[in-house]
Amino acid sequence: MLKIDTQAKQSFLCWRSCSRRRQQFLSGFFMGILCALCILVLVVLPQNQHHTTQQQEQEQQEANRSNDHNDLSLSTSAQQNYKISQQQCEEKLPPWTRERTPTLFAEQMMLGSTGLTDKTTNHNFQHMYHRYLVPLAKRTCEDGQSNVIRILEIGLGCDASGGMIRGAPGGSALAWRHLFPSPAFKLELHMMEFDETCAMKWADSHNDVAHVHVGDASNREDLERVMQESGGVPFDMIIDDGSHINSHQIFTLEVLIEHVAQGGIYVVEDIHAACLDWTVNTGTVVTDMKVGGTRGCMVTTDGQPTILSVLLEGQKKLALRREPYPGVNHIDICLEAAVLQKTII
C-alpha cells in the first residue's frame, strides 16, 4: 500500500509539473502526451510488473510442490524396495531366526552339536541365546550391513576324559557353525581353550569348523594375544564358558568387554558359580581348585566379590544412568547366565 501511495504521489507531482509547463510551451498537445507517458512509467508499468512477479512466484511455488511430490514418491518407492529386499534377505536366514519361541533354536543347537553340548539341556540357555541372536542375525539384512558374524567362545569342552560329553569336546563350536550356515552368514568362529593337548587334537580334525587358540583366560597377555591372533576386530558375541572360577569370570569380562562390537553381546555362562562351590574343570590337567561360590552369592569363599555381585553393581550403575563398562547400556540376568550388551548404532 505504501508503494502504491508513493507512486500516486509521484504521478500527481508529475502531472502538476506538466500542467504548469504546458502554459509555458506553445503546444499543449505535446505536453499532454509527455504527462501521459510520465503516468504510464510511474504507475501503470510498475503495477503490471508487480502482477507479473506475483504470477512468476506462484508458478515457482507450484513447480516446487510438484518437485516435492516427485521426491516423496521416489523416497516412498526406495523405502518399499528396501523393505522388499530386507524381507527377501531374511527369508534366506535359518528358520530359527523366524520363530517366536526358542524351541527350534534348541533343537538346531542340539542337532548341530551332535549331542555334545548341554547348553540347551542342563542349562536351558536357548531362551537367552534365541532372544539376542535373532536380532543379531537379522541385522545382517539391514542396508549397508555385512553378513559377517564374529564369535569367540572360551572353553572348548575338554575334561579329564577328553571331553565333557561322551568323552568328546567341541560340541558348542559345531553348534555355532550349524546355526550360522553359509552363504547366509560368513561365520568367523574362534575357540579359546586352556588344555593345549585337548585343543590341538580337536583342532587337527576340525580346522574347517573353528580357529582354536590355546591360553589362560585369567591371564591378560594370553587374552590380548588371542585378540590379535583372531584379527584384532571386535566380536559380535564373546562367551565365557571357561573355568567358572568367579575371579576368572570377573577378570575375563573386564579385559574382553572392550573387544565386543557395537550392538554385540558378552555372555557369562554358569553364573550360579557365585552361589555354589564345585571343583574346577581344567581339562586333562588335574586340579583341586574350586569356583568359590557361597550361599549368599555375593562373596566368594575367600571373601572376594562374586561374578553375580559385580553384575548387580553394574545394574545399579545403569539405574543411575552410568555405564558399568564403556558402551554397555544393558545387563540381563538370565537362567544361570548373564548378557551384557553394547549400544546398538
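Two strands count as paired if DSSP finds at least two bridges between them. Strands (E, at least two residues) and helices (H or I, at least four) are DSSP runs, numbered from the N terminus. The model is predicted: local features need pLDDT of at least 70 and side-chain atom pairs count only at pLDDT 80 or more, while totals for chains, interfaces and linings use all residues. Residues are numbered from 1 along each chain as its sequence is written, and side-chain values use heavy atoms, with hydrogens and water left out.

**The hairpin**

Select E6 and E7. These strands run antiparallel and are joined by 6 bridges. One pair to display is Val-328 with its bridge partner in E7, Lys-342. The two strands form a hairpin with 2 residues between them, and Glu-336 in the turn has a positive phi of about 60°.

Next, pick Gln-341, which is in strand E7 (residues 337-342). Is Gln-341 buried or exposed? Its relative accessible area is 15%, so Gln-341 is buried (buried means under 20% with a 1.4 Å probe and protein chains only, exposed over 50%, partly exposed in between). Leaving aside neighbours within four places in sequence, the contacts of Gln-341 (heavy atoms within 4.5 Å) include Tyr-132, Gly-263, Ile-265, Val-328 and His-330.

**The sheet**

Widen the selection to the whole sheet. It is open, with 7 strands in the order E3-E2-E1-E4-E5-E7-E6 and mixed pairing. Strand E3 (211-214) and strand E6 (328-334) stand at the edges; each has a single partner strand, so one side of each lacks a neighbour in the sheet. On average, neighbouring strands are turned by 15° against each other, direction ignored (axes are lines fitted to C-alpha atoms, for helices over the stretch in contact, and angles run from 0 to 180 degrees between N-to-C directions).

At the E3 edge, strand E2 (residues 186-193) runs parallel to E3, with 4 bridges between them. Met-192 has His-213 as its bridge partner in E3.

**Helices on the sheet**

Add helix H8 (residues 246-256), which packs on the sheet and touches E1, E4, E5 and E7. The direction of H8 makes about 175° with that of E5. Of the 11 residues of H8, 8 are buried, among them His-248, Ile-250, Leu-253 and Leu-256. Their cover includes E1, helix H7 (220-229), E4, E5, H9 and E7.

Helix H9 (residues 307-319) also packs on the sheet, where it touches E5, E6 and E7. Its direction makes about 135° with that of E6.

**The pockets**

Switch to a surface view. On a 1 Å grid over the protein atoms alone, a pocket is an open set of points with protein on both sides within 12 Å along at least five of seven lines, and lining residues have an atom within 4 Å of a point. Points are joined across faces, edges and corners, and a volume is the space filled by probe spheres set on them.

The largest pocket has a volume of about 700 Å³. Of its 42 lining residues, Gly-155, Asp-241, Gly-242, Ser-243 and Asn-281 are the closest to the centre. Which element gives the largest share of this lining? H8 does, with 3 residues.

The second largest pocket holds about 350 Å³. It is lined by 18 residues, with Gln-145, Val-148, Asp-236, Ala-261 and Gln-262 nearest its centre. E1 and E5 each give two or more residues to this lining, and E5 gives the most, with 4.

Technical notes
1 Å grid on protein atoms, 1.4 Å probe; cavity = no way out; pocket = protein on both sides within 12 Å on 5 of 7 lines; lining within 4 Å.
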